[in-house]
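Student: I should like to learn how to read a protein model. Could you guide me through the one shown here?

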Amino acid sequence: MTKEKILEVKDLTVTIDTRRVIDNVSFDLYPGQVMALVGESGSGKTLTALSILDLLPVGAVREKGEIRFRGKNIFELAPEEIRKIRGDRIAMVFQEPFTAMNPVMRAGVQITETIIAHKSCSAPQASGRLEELLDMVKLSREAARRYPHELSGGMRQRLILAMALACGPDVLILDEPTTALDVSTQKQILDLIKRIQEEGQYAVLFITHDFSVVNTIADKVCVMRQGLVMERGTRDEVLRYPRHPYTRQLIDCIPRLGDRRQRLPAQDTAQE
Ligand SMILES: Nc1ncnc2c1ncn2[C@@H]1O[C@H](COP(=O)(O)OP(=O)(O)OP(=O)(O)O)[C@@H](O)[C@H]1O
Ligand SMILES: [Mg+2]
């Protein structure tokens with residue numbers, strides 16, 4: 001692939017109370033590619049994502065490192081420029097989806113408001129775009145008239161995805177987008193994300209702690225533990241030939257649902 005990298009995280013180090021919660025993390029993201037950031041709870045996945053948007057919580061200090069979007073270090077941009085990138089060029093689906101929703105606003109209206117806020121377009125233009133987005137995430141017109149609490153978990157996730165896609169971003173950061181869902185809804189949402197990603201050729205940073213999800217969606221994998229990148233590679237490299245015992249442990253945690261041999265490439269040939 002000769003595509004230019006779109007996002008580059010270089011030697012990122014973040015401390016909280018002098019503890020290194022992100023320790024020299026580096027990776028690249030390319031258009032059309034899904035990179036899974038995987039690791040146990042507290043390994044630094046969300047803080048890495050928040051760093052990319054320059055939205056670290058109070059008390060977290062970036063000690064060193066660069067984050068380059070299209071070659072430009074985002075930490076050197078004017079506040080106006082970073083605001084334009086955030087949401088417009090790099091969209092994030094946050095780990096707690098409810099925080100992104102307005103409980104007293106109907107689903108469709110929330111999407112339209114997002115479009116208008118970012119694109120400063122007219123109401124008719126926005127409603128045209130709304131129709132497109134609803135089709136994209138397969139949310140019905142009827143569901144778009146409901147309030148968030150009247151939607152199922154899967155529908156809410158579709159709403160959040162539509163809001164993230166509203167401005168036609170280049171990079172999508174999805175922080176555990178399916179963790180709160182039951183298994184069959186999880187599969188539907190993963191299939192949807194995969195289809196949207198392929199059609200739009202988005203660069204996706206997909207955060208998860210679940211290697212069965214990694215197996216379904218990722219092209220590349222970056223395994224984190226205690227703020228450190230333990231290993232990195234293509235999905236098959238990491239799943240078939242994990243170099244680090246920690247990665248192997250995580251792979252062994254894949255729930256034994258369905259036929260495990262179909263879920264893990266490492267076992268396909270070995271046991272058939
Ligand atoms: N706002 C905060 N204040 C203090 N410590 C924090 C804060 N946010 C994160 N941390 C700490 O930083 C470390 C990394 O947290 P982070 O949220 O990035 O982990 P994570 O990999 O996303 O975990 P999870 O899978 O549970 O979402 C953890 O030790 C966490 O306790
Ligand atoms: Mg997290």
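Tutor: Let us start with one pairing of strands, bearing in mind that this is a predicted model. Strand β1 (residues 7-16) and β2 pair in the antiparallel sense over seven bridges. Glu 8 stands opposite Asp 28 in β2, and Leu 12 stands opposite Val 25.

Student: What do β1 and β2 form, and how many residues lie between them?

Tutor: β1 and β2 form a hairpin, with two residues between the strands. Asp 17, in the turn, has a positive phi of about 50°.

Student: Which residues of the two strands themselves have a positive phi?

Tutor: Asp 11 is one of them, with a positive phi of about 50° although it is not a glycine. Asp 11 belongs to strand β1. In strand β2 there is Asn 24, whose phi is near 60°, again a positive value in a residue other than glycine.

Student: Are Asp 11 and Asn 24 buried or exposed?

Tutor: One counts the C-beta atoms around the residue; 12 or fewer within 10 Å make it exposed, 20 or more make it buried, and values in between make it partly exposed. Asp 11 has 12 other C-beta atoms within 10 Å, so it is exposed. Asn 24 has 15 such neighbours inside 10 Å and therefore counts as partly exposed.

Student: How does Thr 15 stand in this respect, and with which residues is Thr 15 in contact?

Tutor: Thr 15, which is found in strand β1, is partly exposed because 16 other C-beta atoms lie within 10 Å. Leaving aside neighbours within four places in sequence, Thr 15 is in contact with Arg 20, Val 21, Val 61 and Glu 63. By way of contrast, consider Gly 168: Thr 15 and Gly 168 are 153 residues apart in sequence and 33 Å apart in space, C-alpha to C-alpha.

Student: To which sheet does the hairpin belong, and which strands lie at the edges?

Tutor: To read a sheet, one follows the order of its strands and then looks for those with a partner on one side only. Here an open sheet of four strands has the order β2-β1-β4-β5, with antiparallel pairing. Its edge strands are β2 (19-29) and β5 (72-73), each of which pairs on one side only.

Student: What is the strand order of the sheet with six strands, and how are they paired?

Tutor: The six strands form an open sheet in the order β6-β7-β8-β3-β9-β10, and the pairing is mixed. At its edges are β6 (90-93) and β10 (228-234), each pairing on one side only. From one strand to the next, the twist averages 15°.

Student: How does strand β3 pair with β8 and β9?

Tutor: Strand β3 (residues 34-38) and strand β8 (residues 203-208) pair in the parallel sense over five bridges. Val 34 stands opposite Val 204 in β8, and the bridge partner of Ala 36 is Phe 206. Four bridges join β3 to strand β9 (residues 220-225), and these two strands also run parallel. In β9, Cys 222 is the bridge partner of Leu 37.

Student: Why is β3 described as largely enclosed by the rest of the structure?

Tutor: Five of the five residues of β3 are buried, so the strand is largely enclosed by the rest of the structure. Val 34, Ala 36 and Val 38 point one way from β3, while Met 35 and Leu 37 point the other way.

Student: What should I note about the chain as a whole?

Tutor: One may begin with its secondary structure, which comes to 12 helices and 10 strands. The radius of gyration is 19 Å, close to the 19 Å that the globule rule gives for 272 residues, so the chain is as compact as a globular protein of that length. The C-alpha atoms fill a box of roughly 55 × 45 × 40 Å, taken along the principal axes. Of the 272 residues, 38% count as buried. Among contacts with a separation of 6 or more, 65% are made by residues 24 or more positions apart.

Student: Finally, which residues surround ligand 1?

Tutor: A ligand is read through its shell of residues. Ligand 1 is surrounded by 14 residues, the closest being Ser 41, Lys 45, Thr 46, Leu 47 and Pro 57. Helix α1 (residues 45-52) contributes the largest share of this shell, three residues. By character, the shell divides into four nonpolar, nine polar and one charged.

Definitions and conventions:
Residues are numbered from 1 along each chain as its sequence is written. Chains are lettered from A and ligands numbered from 1 in the order in which they are written. This is a predicted model: local features need pLDDT of at least 70, side-chain atom pairs count only at pLDDT 80 or more; totals for chains, interfaces and linings use all residues. A residue is near a molecule or strand if its C-beta atom, placed from the backbone, lies within 6 Å of it. Ala, Val, Leu, Ile, Met, Phe, Trp, Tyr, Cys and Pro count as nonpolar, Asp, Glu, Lys and Arg as charged, and the others, Gly among them, as polar. The radius of gyration is taken over C-alpha atoms; the globule rule is 2.2 Å times the number of residues to the power 0.38. Two residues are in contact if their C-beta atoms, placed from the backbone, lie within 7 Å. Two strands pair if DSSP finds at least two bridges between them. Axes are lines fitted to C-alpha atoms, for helices over the stretch in contact, and angles run from 0 to 180 degrees between N-to-C directions.
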